[in-house]
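Me: I would like to learn how to read the features of a protein model, one at a time. Could we begin with a single residue and then move outwards?

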Amino acid sequence: MIPNGPGRELRRRYTPADLDVFTSDEASRFVPGGDGDPHHDVVLAWELLYRLEPELYDRLVSAERLHPGVVSWLPGDVDRIAEVGAGTGRLTMELIERGRHVVAVEPAMPLRRILRGKLAAADHGARVRVIPGFFDQLPLPDDWADLVVACSAFTPSPGHGGEAGLAEMERVCRPRGCVAIIWPNHLKWLTARGYRHVSFPGPMYVEFGNNHEAVEMAEIFYPKAADEVRRRGWRKVPFDVLGINPPRDLAFKVLAG
Ligand SMILES: C[S@@+](CC[C@H](N)C(=O)[O-])C[C@H]1O[C@@H](n2cnc3c(N)ncnc32)[C@H](O)[C@@H]1O
């Protein structure tokens, strides 16, 4: 029996047997007690999605585009950028033109594979280094980057960032450099740690290729909205209908000199 609550359709896709897909480093962060159950834990179900159905995940994020104001707010002409939790590159592809050297840190191997494929197809394979790693143990030297950024990846929970992860992002950022958390899920937690908030206005939509795909994806990821998406024949679905905050916010800190 799958309990009701957020992410029920996603939770029902996986079982505890699927946890074998995690490496030991992943398991120590995502199932620290060793006994997780994706039927009950939506965060765990997302981690399984990244590894077991990475193309499905990529179709979702390709439709959930960031507010253009968020990308243009970021420093535009810097030497080094580190992105953590890069996924399949929703933000990474935008960073290519903004830094001379970009390192994309991503723990999930299937997402790194998709991101490398996109970079190669865009002829940027050499400009961006895609490497494994975690928020709490970034494989980069102190003061390495002018901008350290995470998009829809950092949370206050230790497995997905937490105090250790924020300290690592700040360690890797040079003095007077910028640490930015895009689409933050716990703004208060970040503002309590000296981060400031910027939000960009205007209507925002999740844009699928056609209504058939919009319905298919809504049934999995936004089931409460699926009937309305079907009835209205939408390809572009307003974020308000989905009941989630649109990707229009960022929190940032400029480090002391
Ligand atoms: C919702 S996805 C966002 C991916 C991408 N930044 C984007 O906006 O499309 C969350 C990402 O965070 C990564 N992630 C999860 N836990 C992590 C950790 N402890 N350290 C680094 N990345 C992590 C996941 O593998 C996944 O790629």
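Reply: Let us start with Glu64, which is found in the loop between H4 and H5, and keep in mind as we go that this model is predicted.

Me: Is Glu64 buried or exposed?

Reply: The general idea is that a residue counts as buried when its relative accessible area is under 20%. Glu64 has a relative accessibility of 6%, and therefore it counts as buried. The side chain of Glu64 also has a partner, since a polar contact of 2.7 Å joins it to the side chain of Tyr222.

Me: How does Arg59 read on that scale, and in which element does Arg59 lie?

Reply: Between the cut-offs of 20% and 50%, a residue is called partly exposed. Arg59 lies in helix H4, and its relative accessible area is 31%, so Arg59 is partly exposed. One can also set sequence beside space here, for Arg59 and Thr88 are 29 residues apart in sequence, while their C-alpha atoms are 9.9 Å apart in space.

Me: Where is Ala108 placed, and is Ala108 buried or exposed?

Reply: Ala108 has its place in the loop between strand E2 (99-105) and helix H7 (109-121). Its relative accessible area is 0%, which means that Ala108 is buried. Again the sequence separation can be read next to the spatial one, because the two are separate quantities: Ala108 and Pro54 are 54 residues apart in sequence and 9.3 Å apart in space, C-alpha to C-alpha.

Me: Which residues come nearest to the ligand?

Reply: For a ligand, one looks at the shell of residues around it and then at particular atom pairs. There are 21 residues around the ligand here, of which Gly85, Glu106, Phe135, Cys151 and Gly159 come nearest. Among the atom pairs, a backbone N or O atom of Gly85 lies 2.7 Å from a nitrogen atom of the ligand, and a polar backbone atom of Cys151 is 2.8 Å from a nitrogen atom of the ligand. Glu106 takes part through its side chain, a polar atom of which lies 2.6 Å from an oxygen atom of the ligand.

Me: How much of the ligand does the protein bury?

Reply: The ligand taken alone exposes 590 Å², and the protein buries 97% of that. Helix H3 (42-52) and strand E1 (78-84) are the elements that give two or more residues to the shell. By class, the shell divides into eleven nonpolar, six polar and four charged residues.

Me: What lines the second largest pocket, and what is its volume?

Reply: A pocket is read through its volume, its lining and the elements that supply that lining. The second largest pocket has a volume of about 220 Å³, and 13 residues line it, with Arg65, Leu66, Gly89, Arg90 and Glu94 lying nearest its centre. Helices H4 (54-63), H5 (68-73) and H6 (92-95) each supply at least two residues of this lining, and the largest share, three residues, comes from H4. The lining has five nonpolar, three polar and five charged residues.

Me: How many cavities of 30 Å³ or more does a search of the whole structure find?

Reply: The search finds one, and the largest cavity has a volume of about 30 Å³. The residues that line it include Phe154, Ile181, His186 and Trp189, and by class the lining divides into six nonpolar, three polar and no charged residues.

Notes: Residues numbered from 1 in each chain as written. Predicted model: local features only at pLDDT ≥ 70, side-chain atom pairs only at ≥ 80, totals over all residues. Heavy atoms only, no water. 1 Å grid on protein atoms, 1.4 Å probe; cavity = no way out; pocket = protein on both sides within 12 Å on 5 of 7 lines; lining within 4 Å. Points joined across faces, edges and corners; volume = space filled by probe spheres on them. Helix = DSSP H or I, 4+ residues; strand = E, 2+ residues; numbered from the N terminus. Nonpolar A, V, L, I, M, F, W, Y, C, P; charged D, E, K, R; others polar. Near = heavy atom within 4 Å. Polar contact = N/O pair within 3.5 Å; in protein donor to acceptor, adjacent residues only side chain to side chain. Areas by Shrake-Rupley, 256 points an atom, 1.4 Å probe, with all protein chains shown as cover. Buried < 20%, exposed > 50% of the residue type's maximum accessible area, 1.4 Å probe, protein only.
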